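Please consider the following note on the ligand sites of the structure shown below.

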Amino acid sequence: MMKKSLIITCALFALISIGYAETKSNETEKELGLRKTDLYSEGNETVGDQTKYGKDATGTSTKIERAFTNAPPMIPHDVEGMLPITIKNNQCLSCHDKANAEGMKAGMPNLTAIPASHYKDLRSADQKDLPTLAGARFNCSQCHAPQSETKPLVKNEFTPDFQSDAEKKGSNLAETINIGKDTLK
Ligand code: HEC
Ligand code: HEC
């Protein structure tokens with residue numbers, strides 16, 4: 001009995017080693033990485049895709065569907081002159097802050113106000129509501145990024161499962177964040 005399992009183990013080990021050696025020999029040091037050109041020729045053929053951010057002005061761009069439920073939405077409009085965000089210059093707030101958004105909507109009906117989750121102290125045990133934006137949310141571009149039109153090197157096979165159509169274009173984190181919390185008590 002002992003012997004049999006030993007033979008099987010050895011056979012398996014040998015098979016795995018062969019497989020490993022095979023994959024190894026298929027790659028040469030010239031072709032590592034995702035790029036399809038020779039590692040030793042840095043010539044004109046090895047050029048990265050250009051970053052092409054959207055140029056549509058605020059108020060004229062088309063919102064991008066959420067990547068998954070409550071994913072931070074991508075910025076659909078031009079951000080020229082708005083980045084980097086500094087303590088003295090956060091133009092995002094001038095349109096998106098809930099204090100300004102209602103008024104700004106007159107000229108830009110598709111404007112999304114900053115959601116309730118950004119006006120809470122999520123670090124406090126009772127997730128206290130704050131009168132103004134939480135400091136942790138000040139640097140918008142830490143989570144919200146403009147989208148570049150670039151061909152992905154590896155196809156993204158991920159497909160999100162939304163529970164409703166509303167989740168494809170809006171957030172509900174502030175309402176859903178505590179679901180199930182009581183069951184932990
Ligand atoms: C002049 C007003 C204005 C400024 C400044 C502005 N935005 Fe916007 N933003 C809009 C409008 C309007 C939309 C809706 C799309 C449209 O109509 O172009 C939008 C859409 C968005 C969205 C997508 C929201 C969604 O529901 O999909 C995000 C994220 C966003 N902006 C982030 C930012 C960030 C971050 C900044 C600062 C770097 C910023 N915006 C600066 C007006 C503005
Ligand atoms: C720490 C990450 C983070 C930062 C910083 C942040 N956001 Fe968000 N934002 C999110 C996430 C995650 C969501 C979606 C879930 C939710 O509602 O919280 C979101 C949602 C939004 C939405 C969509 C609201 C809706 O009703 O669909 C807008 C607009 C937005 N953020 C604007 C901003 C602006 C403007 C700033 C800077 C003042 C900012 N955010 C800073 C993570 C962030």
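1. A polar side-chain atom of Arg 66 lies 2.7 Å from an oxygen atom of ligand 2, which falls under the heading of polar contacts (pairs of N or O atoms within 3.5 Å; within protein, one must be able to donate a hydrogen and the other to accept it, and residues adjacent in sequence count only if both atoms are side-chain atoms). The model is predicted: local features need pLDDT of at least 70, side-chain atom pairs count only at pLDDT 80 or more, and totals for chains, interfaces and linings use all residues. Residues are numbered from 1 along each chain as its sequence is written, chains are lettered from A and ligands numbered from 1 in the order in which they are written, and side-chain values use heavy atoms, leaving out hydrogens and water.

2. Two histidines also approach ligand 2. A side-chain N or O atom of His 118 is 2.8 Å from a nitrogen atom of the ligand, and for His 144 a side-chain N or O atom is likewise 2.8 Å from a ligand nitrogen.

3. Around ligand 2 there are 24 residues, of which Ser 117, His 118, Cys 140, Cys 143 and His 144 come nearest; a residue is near if one of its heavy atoms lies within 4 Å. The shell comprises 13 nonpolar, nine polar and two charged residues. Here Ala, Val, Leu, Ile, Met, Phe, Trp, Tyr, Cys and Pro count as nonpolar, Asp, Glu, Lys and Arg as charged, and the others, Gly among them, as polar.

4. In ligand 1, the iron atom has His 77 (NE2) and His 96 (NE2) as its protein donors, 2.0 to 2.1 Å away. Donors are N, O and S atoms within 2.8 Å of the metal (3.2 Å for Na, K and Ca).
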